[in-house]
Each structure stands twice: as C-alpha cells, then as structure tokens.
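I pulled up this model to see how it is put together. These are my notes, in the order I looked things up.

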Amino acid sequence: MKSWTVDTENIVSKHFETLTLNIYDTKSQKIQPIRRTDRTIQIYVCGITPYDSAHLGHAFTYLAFDLMIRSMNFIGMKTKYVQNVTDIDDPLFERARKSGINWQQIVNSQLDIYRADMSKLNILPPTEFVGVMENMDLIIKGIGKSIAGKSTYKIDTEFYFKTQKNIQSKLVENFSREDLIVLAKERGCDTERAGKRDPLDPILWKASKADEPSWTESFGTGRPGWHIQCICLANKFALLPLDIQGGGKDLIFPHHAMSEEQSESLGFGELALNYCHVGMVSYQGSKMSKSKGNLVFVHELLNQGISPMIIRLALMLHHWQDDWEYDSDNIEQSTKIYLTLSQNLGTKYMSKADLDIIVNLCLNNLDIPKVISFFLELKPLAHSDDGFAIDSVLQSLLGLKLGSAI
Ligand code: ZN
C-alpha cells in the first residue's frame, strides 16, 4: 500500500552504541529494555480503520512510535516498522451505509487525508504499510488453518475462536471477568449472542451483509474478523516475536489480548516481547470518538493555518503514556515554546554532556516533555568546536524542524 514520505535529517550517533531504549511494557507493567542484538528491531503498530482518520488521538499514537523509532535509530539500532490499515471493518461499512458513499471510496479518500497529515506532521512512515484487502488470501488462509485446527466453533454460518480461561493474557490479568465482558461489549464484541460458549470468544469469520464484501471459501461465505487480520499481517511482514506490539490503550483488550491468544493457537508462537499502549486524547470532557462527535482533526487545525510543527510540538508536550485533554491553550503554549526554541537554539550547538542528558531522557521511557524542558533551559554553544548542531539533534530525535514554521 502506498505510504508517505517525510523530509528531515536523521543522524546516527556512534556515541551511544552500548545503550538501548527502555520502555514501559503493558504486560510486565514495568519499564524494560528493548533487547539490542544484531537483529533488526521488529515493530508492529495497529493502524487506522479509514473512516474518521487523522484526528489528534491518531496523531498522538503514531507520533509515540515515531519517537521510539527516532531514539532507537539515533543510537544505531535498526528498525523495521509495520503498520496496517483495517480496510475491512464494521464501522467502515456502517459509515458507508449512513453516508450513501461506497466504502472503497471512503477508504481511498480517508487514506489520502491520513497520509497527507502524517507527512506534514513529519511522522515517520512505516517500512511496510499494509492493508487487509490487499492481503486477503493470506488472512483467509489463517482462518482456514484455525478452523481446521479445531480452535473454533460455528454458529449459523459464522465461526468463533475458542478462548481459554486458563491461558488468559497477562495483558489483562488485573481485570475481572465481569470488567472484560463489559469492555468487550463496548468495543464491538457480540458478548450476548445465543450459542456462544464464552461471551468473550471473538468472531473469526463473519457473515457479510448484502452491501458488504464477502469471500466464498470451503468453510463458507463471509469476511474475516478483526484480530486474525493483524496476526496474519504481523507474521508475514515482520519477524515474530515482535519487539514492540503497539497501539492506543483502547487496543489492550480485546484486540491485543485476543491477538496474542490466537497467534499461539495458530502456531506462530509468542506474538510480542513488549506491548506499548499510548494514552488517550480527550476533548470537551471525554475521549475523542465519532459517537460523541468530539473529534479534532489534524487537517482542520492545518486549515486554520496552524503550522504542522506547532501541532507536533503540542502533542510532544505530553508523555506518550498519559491520557490528556486537548484545548486551544495547547496550541498557544506550543507556539510560545516553538518561538523560544527557534530564537535561542536555531543555529547553535550543544556539548556532549548535554547531548548525553537528552539521549538518556529519550531512552528512559521516552520522556519527551522533559527533553523539551531541558532544551528550553539549555545554554547553547555558539561555535561548532566539539559540539553538536542543535537543529540536527532536534530533527533526528524529536522530528522537530525549527525556524521556518511560523
Ligand atoms: Zn491490530
């Protein structure tokens, strides 16, 4: 699938080759190191369902992985980054039905907006940007394997995956079963369907409505469920286990917990060594969501004439794990900080000792708000002798281009 491009300098420093990124892992509930071996670091981030793309919540999520990758690349770690597009999904078809616009047209127009916004915000493109539709054969093969492996059962023409209570993911070990059922229902699982052996069992093969795409296979006519899509894509485009499986916090359950269980059942083994879940952005008192109508889109802010670097910096003022609420003060604060950084640091240099502090803040669970505070207090060097160009460091580590954006 066509990705996007960014245009910034990315330097690799030889000074930090013995270090690694330490990042909070949802499963172990602690900050742990990404193992540094000769192997390229494998990152899979669950991408958008293209029907309301590129609101600030999306941008905050993909920015977090951009920053993780920038830090790893800066210290010489090679990365492979896979991001998928869920271009077969219930909300997309509902949108098509309500709007009267063909679902494929919605996908195409939303992807154009998403790519343009990511590019303007200087968010690194994935190494592999992969769609479900273009990989349907692979996904259907995975479903067939799952059905043949007896890890499923059938209700009418649909297949469900049999979850196992005794191997419930550690991602949700602190959740009660009642909480999980509530969460699953909120997030699209048909927990109350008659005939299910467990309310949490996710659908693997779903009957298509008359206006939805469908595929006819030996096991019936329908379309794939959600979790199996990502497992098959991750297994094809990355090496398992992934070093990082990522997404927003709302993907912890059911998506990532169920993906983990289905991966093991398909014989792909452990899906990921670290799970990184990004905080939720709210607006006007609640998490941004279409149903509440409280979405703030990146392209709307850009159309108001706000510079992409100001938007990027406004997002970076929040720690990647934090939930936070957007309001226009964020843009005002970011503008002031941007102007200060540009005026004070634009063409200047920093010492190795200061660079050490910055890099360590990045490698310690990606503490970007502290990095920005440090830059605001930094006493720059005027000459390049033994120093590092601040502009290059900011571009490489933070993806932030100073100067030209106002
Ligand atoms: Zn996914």
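**Hairpin and the antiparallel sheet**

I started at a strand pair and found K154 opposite F159 in β7. Keep in mind that this is a predicted model. Further along the pair, I155 sits across from E158 in β7. Strand β6 covers residues 152-155 and strand β7 covers residues 158-161; the two run antiparallel, joined by four bridges. I then checked the turn: the hairpin has two residues between the strands, and D156 has a positive phi near 50°.

Which sheet do these strands belong to? I get an open sheet of five strands, ordered β6-β7-β8-β10-β9, with antiparallel pairing. Because β6 and β9 (215-217) stand at the edges with a single partner strand each, one side of each has no neighbour in the sheet. From one strand to the next, the twist averages 40°.

**The β9 end**

I went to the β9 edge next and picked T216, which lies in that strand. Is T216 buried or exposed? T216 counts as exposed, because I find 8 C-beta neighbours inside 10 Å. I also looked up a long-range distance: T216 and L378 are 162 residues apart in sequence, and their C-alpha atoms are 63 Å apart in space.

S218 is in the loop between β9 and β10 (220-224). S218 has 7 C-beta neighbours inside 10 Å, so it is classed as exposed too. For S218 and G144, 74 residues apart along the chain, I read a C-alpha separation of 8.4 Å.

**The parallel sheet**

There is another open sheet to note, with five strands in the order β5-β4-β3-β11-β12 and parallel pairing. Its edge strands are β5 (128-131) and β12 (275-278), and each pairs on one side only. Ignoring direction, neighbouring strands here are turned by 20° against each other on average.

I checked two of the pairings. β11 (residues 244-248) runs parallel to β12 and is joined to it by four bridges; in that pairing G248 stands opposite V278 in β12. β3 and β4 also pair in the parallel sense, over five bridges, and I43 has Y81 as its bridge partner in β4.

How many residues of β3 are buried? I count five of its five, so I'd call this strand mostly covered, going by the rule that 20 or more other C-beta atoms within 10 Å make a residue buried. I41, I43 and V45 point one way from the strand, while Q42 and Y44 point the other way.

**A helix across the sheet**

Helix α6 (residues 227-237) lies across β3 (41-45), β4 (79-85) and β5, and it runs at about 150° to β4. Burial was the next thing I looked up: 10 of the 11 residues of α6 are buried, so the helix is largely enclosed by the rest of the structure. The buried set includes H227, Q229 and N235, along with I228, L233 and F237.

**The nonpolar core**

I had a general point in mind here: in soluble globular proteins, nonpolar side chains tend to be buried together. Which residues touch the most other members of the largest nonpolar core? Out of 105 residues, I find I43, A59, M68 and A234 in that role. Helix α1 gives the most to this core, with 12 residues. Domain 1 (24-303) and domain 2 (328-398) each supply at least three residues to the core.

I followed up on I43. Leaving out residues up to four places away in sequence, I43 touches F65 and I69, T79, K80, Y81 and V82, and also L242, D243, I244 and G246.

**Two domains**

Last, the domains. The domain assignment splits the protein chain into domain 1 (24-303) and domain 2 (328-398). Taken over C-alpha atoms, their centres are 34 Å apart. Eight residues from domain 1 and eight residues from domain 2 make up the contact. Which element gives the most to the domain 1 side? Helix α1 (residues 56-74) does, with five residues. By type, the residues on that side of domain 1 are six nonpolar, one polar and one charged.

Conventions. Residues are numbered from 1 along each chain as its sequence is written. This is a predicted model: local features need pLDDT of at least 70, side-chain atom pairs count only at pLDDT 80 or more; totals for chains, interfaces and linings use all residues. Domain bounds come from an automatic or database domain assignment. Two residues are in contact if their C-beta atoms, placed from the backbone, lie within 7 Å. Ala, Val, Leu, Ile, Met, Phe, Trp, Tyr, Cys and Pro count as nonpolar, Asp, Glu, Lys and Arg as charged, and the others, Gly among them, as polar. A nonpolar core is a set of buried Ala, Val, Leu, Ile, Met, Phe, Trp, Tyr and Cys residues joined through C-beta atoms within 7 Å. A residue is buried if 20 or more other C-beta atoms lie within 10 Å of its own, exposed if 12 or fewer, and partly exposed in between; C-beta atoms are placed from the backbone. Two strands pair if DSSP finds at least two bridges between them. Axes are lines fitted to C-alpha atoms, for helices over the stretch in contact, and angles run from 0 to 180 degrees between N-to-C directions.
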